[in-house]
Number of protein chains: 2
Amino acid sequence: MKLASLKSGRDGRLVVVSDDLAYYADAAHIAPTLQAALDDWDRVAPSLQALAIDVRNDAIPLERFHEHAAAAPLPRAYQWADGSAYVNHVQLVRQARGAEMPDSFWHDPLVYQGGSDGFLGARDAIPLADEAWGCDCEAEVVVVTGDVPQGASREEALAAVRLVGLTNDVSLRNLIPGELAKGFGFFQSKPASAMSPVFVTPDALGDRWRDGKLHGCLTVDLNGQAFGRADAGVDMTFDFGTLIAHLAKTRSLGAGTIVGSGTVSNRDSDGGPGKPISEGGLGYSCIAEVRTVETILRGKAETPFLKSGDTVRITMDDERHHPIFGVIEQTVA
Amino acid sequence: MKLASLKSGRDGRLVVVSDDLAYYADAAHIAPTLQAALDDWDRVAPSLQALAIDVRNDAIPLERFHEHAAAAPLPRAYQWADGSAYVNHVQLVRQARGAEMPDSFWHDPLVYQGGSDGFLGARDAIPLADEAWGCDCEAEVVVVTGDVPQGASREEALAAVRLVGLTNDVSLRNLIPGELAKGFGFFQSKPASAMSPVFVTPDALGDRWRDGKLHGCLTVDLNGQAFGRADAGVDMTFDFGTLIAHLAKTRSLGAGTIVGSGTVSNRDSDGGPGKPISEGGLGYSCIAEVRTVETILRGKAETPFLKSGDTVRITMDDERHHPIFGVIEQTVA
């Protein structure tokens with residue numbers, strides 16, 4: 001099933017959305033918010049699934065679903081942990097700044113603790129106060145978990161995945177070096193991320209959800225131009241089960257934990273850094289990566305970061321070219 | 001007024017506690033949880049204040065307040081950002097490992113994004129799976145904010161402080177070097193922190209809350225022995241207004257954001273590192289700091305990290321030797 005939160009109050013109003021994203025049915029009589037549903041999933045999910053069947057069969061009155069009326073499925077969450085599971089991306093970024101990447105990065109997941117007190121809706125503007133901060137998009141896959149006990153195995157972690165979606169993890173690149181130099185990770189350089197209009201249960205994804213990964217072409221367009229077409233199921237060094245188990249090593253994770261994959265990134269077919277789509281490559285899921293490749297190949301970054309008025313579009317289509325999770329489409333304000 | 005959350009479900013049940021922490025009145029008819037109260041503070045706070053006056057005047061039926069029945073006032077929160085405002089502590093830790101501290105650390109606040117999906121109650125055990133992780137306590141001051149808009153000034157930030165409390169920010173010291181070496185901050189090395197039984201509104205703290213700081217002796221005992229007696233109002237380089245404004249530079253902060261001071265730390269009266277209480281000093285608010293001082297003075301750390309069965313006690317007394325926020329008293333399990 002597909003779930004969304006219509007904009008309403010701080011936590012939105014839970015609705016079940018039709019598979020084609022055209023209609024919705026209010027689910028507030030089952031659970032007022034998605035967080036409430038996740039808090040009591042075993043009891044609530046069967047009722048939501050029954051409602052989803054009614055939606056599919058047109059067995060109840062439906063309302064038209066408008067993606068711009070959707071908040072982030074969890075407009076605020078208790079936990080947002082973002083991985084860097086596409087190690088190819090990490091290696092490129094390091095290579096561009098002349099920093100060696102430890103071999104352990106291929107075996108030990110890299111994650112950062114993100115801020116979860118506010119997520120943007122899929123069509124919300126990116127509120128950028130200063131273009132000098134170097135605003136970038138990062139197209140990623142996210143999953144939402146139920147409760148995960150401390151010390152959970154990869155298999156237990158995977159079994160706790162409740163929902164899958166997409167995110168634009170907004171990053172302020174020019175604030176990152178200063179923050180990382182202080183040694184304590186990101187804060188100012190990672191403002192609110194945007195979430196896809198709907199999150200989808202793994203069972204509704206069929207063969208696209210396997211081995212703890214989402215498979216399919218992640219479409220990223222900048223200002224209407226094709227920018228990224230990487231496959232989210234390729235070159236993902238750490239699957240979500242491994243990422244979640246890593247996160248739960250020393251503490252439990254609460255229901256509604258959002259875990260990110262990090263920027264999706266594919267190697268070129270020749271094994272080197274990805275080429276632009278205009279040169280027959282799969283392109284990039286963030287501007288930093290194309291700048292990195294430009295730096296490696298030509299000695300300097302050429303693609304600018306986002307400016308006021310620029311648009312970012314992130315989606316993943318099904319076989320019939322319908323967006324599975326709806327479309328993230330944001331303008332920088 | 002003093003607010004607590006009795007253990008109940010995921011978010012506790014909001015109660016107003018008497019100034020001496022002996023009694024409480026249920027506040028669920030005003031707001032079911034502390035987060036609900038913070039979400040609608042301007043409307044809810046006057047009703048809670050009226051209830052607090054009734055509690056003070058013994059004008060309504062009261063129940064006996066037991067600190068061990070209290071969850072963390074926010075058993076889970078949407079944002080937990082922890083500063084390192086006592087730069088003396090940061091400098092000592094760096095000095096012990098032979099790392100220079102940049103001068104900017106005296107002007108630019110150091111913060112990390114913490115995980116907020118689960119906080120321990122004040123008497124909950126510390127669930128330590130492996131003593132080799134190097135479990136440490138960190139006694140800190142915390143504040144809870146209302147909504148803070150992006151770009152808030154220090155004064156606006158201070159005006160958004162709703163509640164003040166104490167925390168034991170549990171840290172796994174032996175996991176920190178590996179995580180910091182990866183460059184993305186803490187995750188596994190910062191498991192769930194514990195919160196004081198009650199949080200207190202700034203107006204109820206009188207002169208102890210001034211200049212954006214909590215003033216008073218922070219009592220830290222380890223296994224029944226006096227360990228720390230630093231004054232939280234002394235040597236705090238960045239007050240809470242400055243910390244919150246730093247956090248809000250690139251994004252807004254949601255109501256219920258918890259902001260930590262970092263480990264409270266006072267210089268010795270001679271300007272050098274603090275001395276143990278047994279030598280007439282003010283002692284330490286975490287084990288890492290005494291180990292640091294031992295390393296600087298004697299070439300090697302002697303005080304061990306926490307083992308199973310060890311107890312940590314953190315409190316701050318008022319003039320009549322009554323704990324203002326109740327007592328954090330945890331055993332390592």
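The following exchange concerns the interface between chain A and chain B in a predicted model.

User: How many residues of chain A are in contact with chain B, and what area is buried between them?

Analyst: The contact involves 51 residues of chain A and 51 residues of chain B. Carbon and sulfur atoms give 52% of the area buried between the two chains. The answer is thus 51 residues of chain A, with a buried area of about 4,600 Å².

User: Which residues of chain A lose the most area to chain B?

Analyst: Three residues of chain A together account for 21% of what that side buries. They are A:Tyr78, A:Phe184 and A:Phe187.

User: How many salt bridges does the rule find across the interface of chain A and chain B?

Analyst: A:Arg10 forms a salt bridge with B:Asp39, with the closest N and O atoms 3.5 Å apart. That separation satisfies the criterion of a side-chain nitrogen within 4 Å of a carboxyl oxygen. Across the interface, the rule finds eight salt bridges.

User: Which element gives the largest share of the side of chain A that touches chain B?

Analyst: The elements giving two or more residues to that side are α1 (34-39), β7 (111-114), α5 (176-182) and α6 (240-247) of chain A. The largest share amounts to four residues and comes from β7(A).

User: What kind of axis relates the two copies?

Analyst: A turn of 180° and a shift of 0.0 Å along the axis lay chain A on chain B with an RMSD of 0.0 Å. The two copies are therefore related as by a two-fold rotation axis.

User: Which residue of chain A comes closest to the rotation axis?

Analyst: The copies meet through the same surface, because 100% of the interface residues of chain A are also interface residues in chain B. Of the residues of chain A, the one closest to the rotation axis, with its C-alpha at 1.9 Å, is A:Gly185.

Conventions:
Residues numbered from 1 in each chain as written. Chains lettered and ligands numbered in written order. Predicted model: local features only at pLDDT ≥ 70, side-chain atom pairs only at ≥ 80, totals over all residues. Heavy atoms only, no water. Contact = heavy atoms within 4.5 Å. Buried area = accessible area lost by both parts, 1.4 Å probe. Least-squares fit on C-alpha atoms with pLDDT ≥ 70 in both.
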